[in-house]
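Visitor: I'd like to learn how to read a fold from its strands, helices and backbone angles. Could you walk me through one?
Guide: Happy to; let's put it on the screen.

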Amino acid sequence: MSYKYTFKILLLGDGAVGKTSLVQRFIHGKFQSGYLMTIGMEPYSRFETIDGTRVVLQLWDIAGQERFQSMRTIFFKGSLGALITYDITRRKTFDNLKTWINEAKTESPRIMLILVGNKNDLEDMREVSYEEGLEFAKKNGCIGFIETSAKTGENVAEAFLQMGKSILKSVER
Ligand code: G3D
Ligand code: MG
(Lines give C-alpha, C1' and ligand atoms only; values in the text may rest on other atoms or scores of the structure.)
(Ligands and ions follow the chains in the order given, each with its own letter.)
Protein backbone atom coordinates (compact mmCIF):
# COMPACT_ATOMS: atom_id res chain seq x y z
CA MET A 1 0.00 0.00 0.00
CA SER A 2 1.18 3.48 -0.66
CA TYR A 3 1.74 6.08 1.93
CA LYS A 4 2.45 9.75 1.77
CA TYR A 5 5.05 10.35 4.46
CA THR A 6 7.55 8.58 6.64
CA PHE A 7 8.01 10.19 10.04
CA LYS A 8 11.19 9.38 11.89
CA ILE A 9 10.50 9.35 15.61
CA LEU A 10 13.11 8.73 18.30
CA LEU A 11 12.77 7.26 21.77
CA LEU A 12 15.08 9.05 24.16
CA GLY A 13 15.61 8.68 27.87
CA ASP A 14 17.69 6.90 30.48
CA GLY A 15 18.27 3.16 30.53
CA ALA A 16 15.42 0.94 31.76
CA VAL A 17 12.71 3.62 31.62
CA GLY A 18 10.85 1.36 29.17
CA LYS A 19 11.71 2.67 25.69
CA THR A 20 12.04 -0.77 24.12
CA SER A 21 8.94 -1.97 25.95
CA LEU A 22 6.89 0.96 24.61
CA VAL A 23 7.98 0.23 21.04
CA GLN A 24 7.26 -3.49 21.45
CA ARG A 25 3.84 -2.73 22.90
CA PHE A 26 2.97 -0.40 20.04
CA ILE A 27 4.37 -2.57 17.25
CA HIS A 28 3.51 -6.07 18.50
CA GLY A 29 0.77 -5.31 21.05
CA LYS A 30 2.47 -7.16 23.86
CA PHE A 31 4.61 -6.71 26.93
CA GLN A 32 7.49 -9.01 27.63
CA SER A 33 9.22 -9.02 30.97
CA GLY A 34 12.67 -10.45 31.44
CA TYR A 35 15.56 -9.67 29.16
CA LEU A 36 14.60 -7.27 26.41
CA MET A 37 17.08 -6.74 23.66
CA THR A 38 17.37 -3.28 22.23
CA ILE A 39 18.01 -3.72 18.55
CA GLY A 40 20.86 -1.50 17.41
CA MET A 41 19.96 0.76 14.54
CA GLU A 42 17.02 -1.14 13.07
CA PRO A 43 13.97 1.07 13.19
CA TYR A 44 10.50 -0.41 13.67
CA SER A 45 7.74 0.79 11.38
CA ARG A 46 4.01 0.95 11.80
CA PHE A 47 1.59 2.14 9.15
CA GLU A 48 -1.16 4.44 10.28
CA THR A 49 -3.89 6.50 8.74
CA ILE A 50 -3.91 9.82 10.53
CA ASP A 51 -6.63 12.31 9.65
CA GLY A 52 -7.10 10.47 6.36
CA THR A 53 -3.42 10.52 5.40
CA ARG A 54 -1.39 7.31 5.20
CA VAL A 55 1.89 7.64 7.03
CA VAL A 56 4.67 5.42 8.28
CA LEU A 57 5.71 5.94 11.87
CA GLN A 58 9.34 4.88 11.89
CA LEU A 59 10.50 4.36 15.47
CA TRP A 60 14.15 4.50 16.45
CA ASP A 61 14.94 3.07 19.83
CA ILE A 62 18.15 4.29 21.40
CA ALA A 63 20.56 1.51 22.24
CA GLY A 64 23.73 3.10 23.52
CA GLN A 65 25.58 3.22 20.22
CA GLU A 66 24.55 6.83 19.91
CA ARG A 67 27.51 7.66 22.12
CA PHE A 68 29.71 7.25 19.07
CA GLN A 69 29.64 10.33 16.90
CA SER A 70 29.03 8.52 13.60
CA MET A 71 26.11 6.60 15.08
CA ARG A 72 24.73 9.70 16.69
CA THR A 73 24.64 11.43 13.31
CA ILE A 74 22.77 8.52 11.74
CA PHE A 75 20.43 8.24 14.71
CA PHE A 76 19.34 11.87 14.74
CA LYS A 77 19.45 12.53 10.99
CA GLY A 78 16.03 13.44 9.63
CA SER A 79 14.23 12.94 12.93
CA LEU A 80 11.02 14.93 13.20
CA GLY A 81 9.92 13.94 16.67
CA ALA A 82 11.05 12.34 19.89
CA LEU A 83 9.37 10.75 22.86
CA ILE A 84 11.41 11.96 25.80
CA THR A 85 10.85 9.20 28.31
CA TYR A 86 11.28 8.82 32.06
CA ASP A 87 10.18 6.29 34.67
CA ILE A 88 7.66 7.70 37.16
CA THR A 89 9.11 5.39 39.86
CA ARG A 90 12.68 6.70 39.54
CA ARG A 91 13.17 10.42 40.08
CA LYS A 92 16.69 10.27 38.72
CA THR A 93 15.33 9.52 35.25
CA PHE A 94 13.14 12.64 35.57
CA ASP A 95 16.10 14.75 36.71
CA ASN A 96 18.02 13.69 33.60
CA LEU A 97 15.37 14.88 31.15
CA LYS A 98 17.10 18.19 30.50
CA THR A 99 20.14 16.36 29.19
CA TRP A 100 18.01 14.46 26.70
CA ILE A 101 16.14 17.55 25.59
CA ASN A 102 19.36 19.52 25.08
CA GLU A 103 20.82 16.65 23.12
CA ALA A 104 17.76 16.41 20.86
CA LYS A 105 17.60 20.16 20.26
CA THR A 106 21.31 20.36 19.49
CA GLU A 107 21.20 17.51 16.99
CA SER A 108 17.78 18.28 15.47
CA PRO A 109 16.87 21.92 16.21
CA ARG A 110 13.29 21.67 14.89
CA ILE A 111 12.43 18.35 16.50
CA MET A 112 9.05 18.05 18.24
CA LEU A 113 9.12 16.62 21.73
CA ILE A 114 6.48 14.78 23.71
CA LEU A 115 7.19 14.02 27.35
CA VAL A 116 6.32 10.46 28.36
CA GLY A 117 6.14 9.28 31.98
CA ASN A 118 6.18 5.50 31.76
CA LYS A 119 5.30 2.71 34.26
CA ASN A 120 2.19 4.37 35.59
CA ASP A 121 0.89 0.92 36.55
CA LEU A 122 3.33 1.11 39.49
CA GLU A 123 1.36 3.72 41.42
CA ASP A 124 2.64 2.52 44.83
CA MET A 125 6.22 3.18 43.78
CA ARG A 126 5.61 6.56 42.17
CA GLU A 127 8.31 9.19 42.81
CA VAL A 128 7.24 11.82 40.27
CA SER A 129 3.73 13.24 40.36
CA TYR A 130 1.60 13.76 37.28
CA GLU A 131 1.56 17.51 37.98
CA GLU A 132 5.36 17.69 38.02
CA GLY A 133 5.50 15.98 34.65
CA LEU A 134 2.92 18.34 33.20
CA GLU A 135 4.73 21.38 34.58
CA PHE A 136 8.08 20.22 33.21
CA ALA A 137 6.62 19.59 29.76
CA LYS A 138 5.12 23.08 29.64
CA LYS A 139 8.31 24.77 30.81
CA ASN A 140 10.52 22.93 28.36
CA GLY A 141 8.64 23.41 25.13
CA CYS A 142 7.22 19.91 24.81
CA ILE A 143 4.11 19.74 22.64
CA GLY A 144 2.51 17.21 24.94
CA PHE A 145 2.70 15.16 28.11
CA ILE A 146 1.33 11.70 28.68
CA GLU A 147 1.70 8.96 31.28
CA THR A 148 1.87 5.45 29.90
CA SER A 149 2.29 1.83 30.86
CA ALA A 150 3.98 -0.50 28.42
CA LYS A 151 2.86 -3.26 30.77
CA THR A 152 -0.90 -2.64 30.66
CA GLY A 153 -0.78 -0.82 27.34
CA GLU A 154 -2.38 2.30 28.77
CA ASN A 155 -1.88 5.36 26.56
CA VAL A 156 0.90 3.75 24.52
CA ALA A 157 -0.76 4.06 21.13
CA GLU A 158 -2.03 7.49 22.17
CA ALA A 159 1.53 8.70 22.76
CA PHE A 160 2.79 7.58 19.34
CA LEU A 161 -0.33 8.74 17.53
CA GLN A 162 -0.26 12.15 19.18
CA MET A 163 3.30 12.49 17.93
CA GLY A 164 2.29 11.41 14.42
CA LYS A 165 -0.61 13.80 14.38
CA SER A 166 1.51 16.76 15.45
CA ILE A 167 4.19 16.04 12.87
CA LEU A 168 1.56 15.63 10.16
CA LYS A 169 0.08 19.01 11.02
CA SER A 170 3.46 20.69 10.83
CA VAL A 171 4.54 19.13 7.53
CA GLU A 172 1.21 19.92 5.86
CA ARG A 173 1.35 23.52 6.90
P1 G3D B 1 14.78 0.68 28.06
O2 G3D B 1 14.59 0.18 26.67
O3 G3D B 1 14.38 2.10 28.23
O4 G3D B 1 16.15 0.44 28.59
P5 G3D B 1 13.10 -1.58 28.79
O6 G3D B 1 13.77 -0.14 29.01
O7 G3D B 1 12.00 -1.49 27.82
O8 G3D B 1 14.17 -2.56 28.54
O9 G3D B 1 12.45 -1.82 30.22
C10 G3D B 1 13.23 -1.83 31.41
C11 G3D B 1 12.52 -2.64 32.49
O12 G3D B 1 11.30 -2.00 32.86
C13 G3D B 1 12.13 -4.04 32.07
O14 G3D B 1 12.16 -4.81 33.27
C15 G3D B 1 10.69 -3.89 31.62
O16 G3D B 1 9.98 -5.09 31.71
C17 G3D B 1 10.20 -2.87 32.63
N18 G3D B 1 9.09 -2.04 32.13
C19 G3D B 1 9.04 -1.34 30.99
N20 G3D B 1 7.89 -0.67 30.88
C21 G3D B 1 7.17 -0.94 32.00
C22 G3D B 1 5.89 -0.53 32.48
O23 G3D B 1 5.15 0.24 31.86
N24 G3D B 1 5.49 -1.04 33.69
C25 G3D B 1 6.28 -1.89 34.42
N26 G3D B 1 5.78 -2.31 35.59
N27 G3D B 1 7.50 -2.28 34.01
C28 G3D B 1 7.94 -1.82 32.80
P29 G3D B 1 12.82 -6.26 33.33
O30 G3D B 1 12.72 -6.60 34.76
O31 G3D B 1 11.93 -7.07 32.46
O32 G3D B 1 14.20 -6.10 32.83
MG1 MG C 1 16.01 -0.61 25.41
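**Strand 5 and its surroundings**

Guide: Let's start with strand 5: 7 of its 7 residues are buried, so this strand is largely enclosed by the rest of the structure. Keep in mind that this is a predicted model.

Visitor: Which residues of strand 5 point one way, and which the other way?
Guide: Met 112, Ile 114, Val 116 and Asn 118 go one way, while Leu 113, Leu 115 and Gly 117 go the other, and all are buried.

Visitor: Next, the neighbours. In which sense do strand 4 and strand 5 pair, and over how many bridges?
Guide: Strand 4, residues 81-87, pairs with strand 5 in the parallel sense, over 7 bridges. To find your place there, look for Thr 85, which stands opposite Val 116 of strand 5.

Visitor: And what about strand 6?
Guide: Strand 6 (residues 144-147) is also parallel to strand 5, with 4 bridges between them. Here Leu 115 has Phe 145 as its bridge partner. Between these two strands the chain passes through helix 5, and the resulting β-α-β crossover is right-handed.

Visitor: Let's try a helix. How many residues of helix 1 are buried?
Guide: Helix 1 spans residues 19-28 and is mostly covered, with 8 of its 10 residues buried. Those buried residues are Lys 19, Thr 20, Ser 21, Leu 22, Val 23, Gln 24, Arg 25 and Phe 26.

Visitor: What do they pack against?
Guide: The buried residues of helix 1 pack against strand 1 (5-13), strand 2, strand 3, strand 4, strand 5 and helix 6 (156-172). Just after helix 1 comes Gly 29, with a positive phi near 70 degrees.

Visitor: How should I read the sign of phi?
Guide: As a rule, most residues other than glycine have a negative phi. Now look at Asp 51: its phi is positive, near 45 degrees, and it isn't a glycine.

Visitor: Where does Asp 51 lie, and why does it count as exposed?
Guide: Asp 51 is in the loop between strand 2 (44-50) and strand 3 (53-61). Its relative accessibility is 54%, and the cut-off for exposed is over 50%, so Asp 51 counts as exposed.

Visitor: What is the phi of Lys 119?
Guide: Lys 119 has a positive phi of about 75 degrees, although it is not a glycine. You'll find Lys 119 in the loop between strand 5 (112-118) and helix 5 (130-139). Because its relative accessibility is 23%, Lys 119 counts as partly exposed.

Conventions
Residues are numbered from 1 along each chain as its sequence is written. Chains are lettered from A and ligands numbered from 1 in the order in which they are written. This is a predicted model: local features need pLDDT of at least 70, side-chain atom pairs count only at pLDDT 80 or more; totals for chains, interfaces and linings use all residues. Side-chain values use heavy atoms; hydrogens and water are left out. Buried means under 20% relative accessible area, exposed over 50%, partly exposed in between (1.4 Å probe, protein chains only). Two strands pair if DSSP finds at least two bridges between them. A crossover is right-handed if, with the strands pointing away from the viewer, the path from the first strand over the helix to the second runs clockwise. Contact means heavy atoms within 4.5 Å.
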